[in-house]
Amino acid sequence: MRRFLIFAGVSVAFLVILGWVTQFFMLKYSKSFSPEKETAFQHGDLTIKVFYNRPYKKGRKIFGELVPYNEVWRTGANEATTFETNKNLSIDGKTLPAGKYTLWTIPREETWTVIFNAQYGQWGINSKGEANRDPARDVLSAEIRAVEQEQEFEQFTIQFEEVGEEFEMVLLWDKTLVAIPMSY
């Protein structure tokens, strides 16, 4: 009986470890399709960090199909995109307090709603395939014009551009560019 219990205990431990290893490699495998990226912006004593996953276009039609119009998007892949600022920011005439947020968007053909939400650390979609965002925790939203351009971006990109005394957080993918003006 004792040998059976030892064998059963070792078997259970083996299966648990095998499950963890499999989960780790599956996560790593899925992230190879949309690698992680951290983008940082510094200006004086302001520091902004954005952590996101960068999916590829791979010949697909992105906005209006892969990323449907008029639906909340996690603004990247895998985990929800995080946005962290050490200073209060002004976005579309509204104040975003210093802190850490998730970044969500609602793409449309001509404008996007950009949403900063106080909840962070969650996977970007829930088990139903919907955005894993609690709207009650939204801190700021802004309507931003989307621009169709000639240049095509294969991989989803978030970058910062200085524009005079202000700056923009720029979202680029496929032939769409969304520049979110900010100041502090």
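This passage describes the overall fold, the strand pairing and the two largest pockets of a predicted model.

The protein chain comprises 184 residues, of which 38% count as buried. Its secondary structure consists of 1 helix and 9 strands. In sequence order these elements follow the pattern α-β-β-β-β-β-β-β-β-β, the helix thus preceding the strands. Among the contacts between residues at least 6 apart in sequence, 56% join residues at least 24 apart. The accessible surface of the chain amounts to about 10,800 Å². Carbon and sulfur atoms account for 53% of that surface.

Strand pairing was examined from β1 to β3. Strand β1, spanning residues 36–43, pairs with strand β2, spanning residues 46–53, in the antiparallel sense. The pairing of β1 with β2 extends over 8 bridges, and Glu36 stands opposite Asn53 of β2. The two strands form a hairpin, with 2 residues between them. Within this turn, Gly44 has a positive phi of about 60°. Strand β2 is also joined to strand β3, which covers residues 82–85, and these two run antiparallel. Here the connection is made by 4 bridges, with Phe51 standing opposite Thr82 of β3. Strand β2 therefore has antiparallel partners in both β1 and β3.

Attention then turns to the open spaces of the model. Rolling a probe the size of a water molecule over the atoms shows where empty space is left. The largest pocket contains about 390 Å³ of space. Its lining is made up of 20 residues, and Leu66, Val67, Trp73, Arg74 and Gly76 are those nearest the centre of the pocket. Classified by residue type, the lining of the largest pocket includes 12 nonpolar, 3 polar and 5 charged residues.

The second largest pocket holds about 170 Å³ of space. Of the 13 residues lining this second pocket, Phe63, Tyr69, Glu148, Lys175 and Thr176 are the closest to its centre. Strands β8 (138–163) and β9 (166–182) each contribute at least two residues to the lining of the second largest pocket. By class, that lining divides into 6 nonpolar, 1 polar and 6 charged residues. Nonpolar and charged residues are thus equal in number in the lining of the second largest pocket, whereas the lining of the largest pocket has 12 nonpolar and 5 charged residues.

Terms used:
Residues numbered from 1 in each chain as written. Predicted model: local features only at pLDDT ≥ 70, side-chain atom pairs only at ≥ 80, totals over all residues. Heavy atoms only, no water. 1 Å grid on protein atoms, 1.4 Å probe; cavity = no way out; pocket = protein on both sides within 12 Å on 5 of 7 lines; lining within 4 Å. Points joined across faces, edges and corners; volume = space filled by probe spheres on them. Buried < 20%, exposed > 50% of the residue type's maximum accessible area, 1.4 Å probe, protein only. Contact = heavy atoms within 4.5 Å. Areas by Shrake-Rupley, 256 points an atom, 1.4 Å probe, with all protein chains shown as cover.
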